[in-house]
Amino acid sequence: MQDVIDSVGFDRAKELLDYYFKCTKQGHPLNWFLYNFDRLDDMMLQSIKDKTLRSTLRKQTQTMVEQEINEF
């Protein structure tokens with residue numbers, strides 16, 4: 001675990017561990033986390049980017065719909 005902390009810092013390691021236990025995975029072996037924390041970090045970042053993009057697209061769609069309604 002110290003290698004994980006050394007690699008990403010204590011706070012990020014804690015976030016990754018919390019994220020790991022929230023994943024829908026059958027069981028949560030600690031060895032998998034220790035050997036794959038970098039992949040998990042990438043997945044977590046991609047998830048955050050995806051949520052941000054989806055939020056932006058929803059807002060744009062809402063604006064377009066409101067403009068169409070106002071023009072009609």
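This is a short talk on how helix 2 and helix 3 meet in this structure, and on the core and the aromatic rings found there.

Okay, hi everyone. One thing up front: this is a predicted model, so please hear every number as computed from that model.

Let's start with the two helices. Helix 2 covers 10–22 and helix 3 covers 30–71. When two helices pack, people describe them by the angle between their axes and the distance between the axes. Here the angle is about 90° and the axes are 9 Å apart. Angles from 65 to 115 degrees count as roughly perpendicular, so that is what we call helix 2 relative to helix 3.

Who is actually touching whom? On the helix 2 side you have R12, A13, E15, L16, L17, Y19 and Y20. Across from them, helix 3 brings W32, F33, F37, L40, D41, M43, M44, L45 and S47. Sort that contact by class and you get 12 nonpolar residues, 1 polar and 3 charged.

Now, one of the helix 3 residues in that list is D41. Is D41 buried or exposed? Its relative accessibility is 15%, and the cut-off for buried is under 20%, so D41 counts as buried. Setting aside residues up to four places away in sequence, D41 touches R12 and L16.

Next, the core. The largest nonpolar core is made of 8 residues: V4, A13, L16, Y20, F33, F37, L40 and M44. Helix 2 and helix 3 are the elements that each put in two or more of those, and helix 3 has the largest share, with 4 residues. As a general background point, nonpolar side chains in soluble globular proteins tend to be buried together.

If you want one core residue to click on, try F33. What does F33 contact, once you ignore neighbours within four places in sequence? The list is M1, V4, A13, L16, L17, Y20 and L40.

That brings me to the rings. Searching the whole structure turns up 3 aromatic pairs. In one of them, Y20 and W32, the ring centres are 5.5 Å apart and the planes are at 5°, so that pair is stacked. Y20 sits in helix 2 and W32 in helix 3, so the pair ties together parts 12 residues apart in sequence. The two partners are not equally covered, by the way: Y20 is buried at 1% relative accessible area, while W32, at 23%, is partly exposed.

Y20 also pairs with F33, again at 5.5 Å centre to centre, but with 40° between the planes, which makes this one tilted. That pair also links distant parts of the chain, with Y20 in helix 2, F33 in helix 3, and their positions 13 residues apart. Both Y20 and F33 are buried.

Which residues end up in the ring cluster? Ring pairs link Y20, F21, W32 and F33. F21 belongs to helix 2 and is partly exposed, with a relative accessible area of 47%. The C-alpha atoms of F21 and F33 are 9.8 Å apart, and the two residues are separated by 12 places along the chain.

So, if you keep one residue in mind, take Y20: Y20 is in the nonpolar core, in the contact between the helices, and in the ring cluster. Okay, that's me done, thanks.

Key. Residues numbered from 1 in each chain as written. Predicted model: local features only at pLDDT ≥ 70, side-chain atom pairs only at ≥ 80, totals over all residues. Heavy atoms only, no water. Core = buried A, V, L, I, M, F, W, Y, C linked by side-chain atoms within 4.5 Å. Buried < 20%, exposed > 50% of the residue type's maximum accessible area, 1.4 Å probe, protein only. Contact = heavy atoms within 4.5 Å. Axes fitted to C-alpha atoms, helices over the stretch in contact; angles between N-to-C directions. Parallel < 35°, antiparallel > 145°, perpendicular 65-115°, else oblique. Nonpolar A, V, L, I, M, F, W, Y, C, P; charged D, E, K, R; others polar. Phe/Tyr/Trp six-rings, centres within 6.5 Å; stacked < 30°, edge-to-face > 60°.
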